[in-house]
Amino acid sequence: SDTKTYYVSQSGSGTICTETSPCSYSEGIKQVQPGERVFVVGTITSAINLNKSGTENNPITFEGGVYDGSNFGSGSGSNVVSVTGSYIIVKNTEIRNGYGFGIRTNGDYIELDNVYAHHNVRRFYNGTTCTNTTGGWEAGIRISPGSDFVTVKNSRSWLNCGEGIGVFAGSNATIINNDVRNNWSVNIYIDQANYATASDNISICDNSNYYRSGIQSRGITFGAEGYGVGNIIGAQVLRNTVQGCKGIYFYAQVSSKLQDSTIALNDLSKVVGVAIS
């Protein structure tokens, strides 16, 4: 490929940023320009903020490696990877052991492709099971309020003590062709987010250590938690498969309803209890 690539590692130094002489992550972010790529060598063990933006025709790509939050994070809301820039692609990477979120987007026009987020929200993990007893937890993959036109595709979000993939009060999110399983409370959560598409995903619950109060998680849930958005408009939930979980649900803390939305062609033959509620 002719794409300019900056190689970074946890112990990297200098400004060369080559495969044989990687630089630090902060140096890679400093140097990378729209249309270029940052490639992660090995494991990153410090929190990362992808705060550099690409452009519509020339996004910045962050690829490879492992991001491990085992040694940092305290209190709710911490992230292993924050994406605060826009026009960014994160691909072919693993994000694990976050105290709070695995990866959280705050920018626009972001694509997460072949991301494996697992064992995040460890503030509620005791080594065997999740210990959440009140609300207000994080997710393996979170699209935050106001983060618009975000795509999560070909990815896995497993064994997080919070949502697997959560979309909160943004617009035009696309969650497609993902494997989401054994997350606390709900695997895929669309909370007052408009024009969200969740299609061709598989949602599985087959590990009782991640059942909430002994009850399987919900496969896909619409939420209305009071973001001031009103009704949920334009959702498309198509061709998903839910196995061993509760089905497709609507959870409301405030007055809200689905409007101009389509739920169709989903395989709910192996859900627990009611398929749609």
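Which residues have the most contacts inside the largest nonpolar core? The points below start there, and they concern a predicted model.

1. **The main core.** The largest nonpolar core has 53 residues. Those with the most contacts inside it are Tyr25, Leu50, Phe62, Tyr67, Val81, Ile103 and Leu112. Strand E10 gives this core its largest share, four residues. A further core, of ten residues, lies apart from it. Val121, Cys130, Leu159 and Tyr210 are among its members.

2. **Phe62 as an example.** What does Phe62 touch, once residues up to four places away in sequence are set aside? Its contacts are Tyr25, Ile29, Val38, Leu50, Ile88, Ile89, Val90 and Lys91. Tyr25 and Leu50 also appear among the core residues with the most contacts.

3. **The open sheet.** Eight strands make up an open sheet, and their pairing is parallel. The order is E4-E7-E9-E11-E14-E17-E20-E24. Strand E4 (48-50) and strand E24 (246-252) are the edges, each pairing on one side only. On average, neighbouring strands of this sheet are turned by 10° against each other, direction ignored.

4. **E14 and its two partners.** Strand E14 (residues 163-168) runs parallel to strand E11 (residues 139-143), and four bridges join the two. Four bridges also join E14 to strand E17 (residues 186-191), again in parallel. Gly166 has a partner in each neighbour. It is the bridge partner of Arg142 on the E11 side, and it stands opposite Tyr189 in E17. Is E14 covered or open? It is mostly covered: six of its six residues are buried.

5. **Ala139.** This residue is found in strand E11. Ala139 counts as buried because its relative accessibility is 0%, and the cut-off for buried is under 20%. Its bridge partner in E14 is Glu163. Leaving aside neighbours within four places in sequence, Ala139 contacts Gly100, Phe101, Gly102, Val121 and Glu163. Val121 is also listed in the ten-residue core. Arg218 is 79 residues away from Ala139 in sequence, and the two are 14 Å apart in space, C-alpha to C-alpha.

6. **E1, H1 and E2.** Where do the side chains of strand E1 (residues 5-8) point? Thr5 and Tyr7 point one way, Tyr6 and Val8 the other way, and all are buried. Strand E2 (residues 37-40) runs parallel to E1, joined to it by four bridges. Val8 has Val40 as its bridge partner in E2. From E1 the chain passes through helix H1 (residues 25-31) to reach E2, and this β-α-β crossover is right-handed.

7. **Arg96 and Asp68.** How many salt bridges does the structure hold? It holds eight. In one of them Arg96 pairs with Asp68, with the closest N and O atoms 2.6 Å apart. Arg96 lies in strand E8 (residues 88-96) and Asp68 in strand E6 (residues 66-68), so the pair ties together parts that are 28 residues apart in sequence. Arg96 counts as partly exposed because its relative accessibility is 23%. Asp68 is at 10%, so it counts as buried.

8. **Glu111 and Lys153.** These two also form a salt bridge, with the closest N and O atoms 3.7 Å apart. Glu111 is in strand E10 (residues 110-118) and Lys153 in strand E12 (residues 150-153). The pair links distant parts of the chain, 42 residues apart. Glu111 is partly exposed, at 23% relative accessibility. Lys153 is partly exposed too, with a relative accessible area of 23%.

9. **Arg239 and Asp200.** The side chains of this pair meet in a salt bridge (2.9 Å, N to O). Both residues sit in loops. Arg239 is in the loop between strand E22 (236-238) and strand E23 (241-243), and Asp200 is in the loop between strand E18 (197-199) and strand E19 (202-204). They are 39 residues apart. Arg239 counts as partly exposed, at 40% relative accessibility. Asp200 counts as partly exposed at 30%.

10. **A shared network.** Which residues do salt bridges with shared partners join into one network? They are Asp68, Glu94 and Arg96.

Conventions. Residues are numbered from 1 along each chain as its sequence is written. This is a predicted model: local features need pLDDT of at least 70, side-chain atom pairs count only at pLDDT 80 or more; totals for chains, interfaces and linings use all residues. Side-chain values use heavy atoms; hydrogens and water are left out. Two strands pair if DSSP finds at least two bridges between them. Axes are lines fitted to C-alpha atoms, for helices over the stretch in contact, and angles run from 0 to 180 degrees between N-to-C directions. A salt bridge is a side-chain nitrogen of Lys or Arg within 4 Å of a carboxyl oxygen of Asp or Glu. Buried means under 20% relative accessible area, exposed over 50%, partly exposed in between (1.4 Å probe, protein chains only). A nonpolar core is a set of buried Ala, Val, Leu, Ile, Met, Phe, Trp, Tyr and Cys residues joined through side-chain atoms within 4.5 Å. Contact means heavy atoms within 4.5 Å. A crossover is right-handed if, with the strands pointing away from the viewer, the path from the first strand over the helix to the second runs clockwise.
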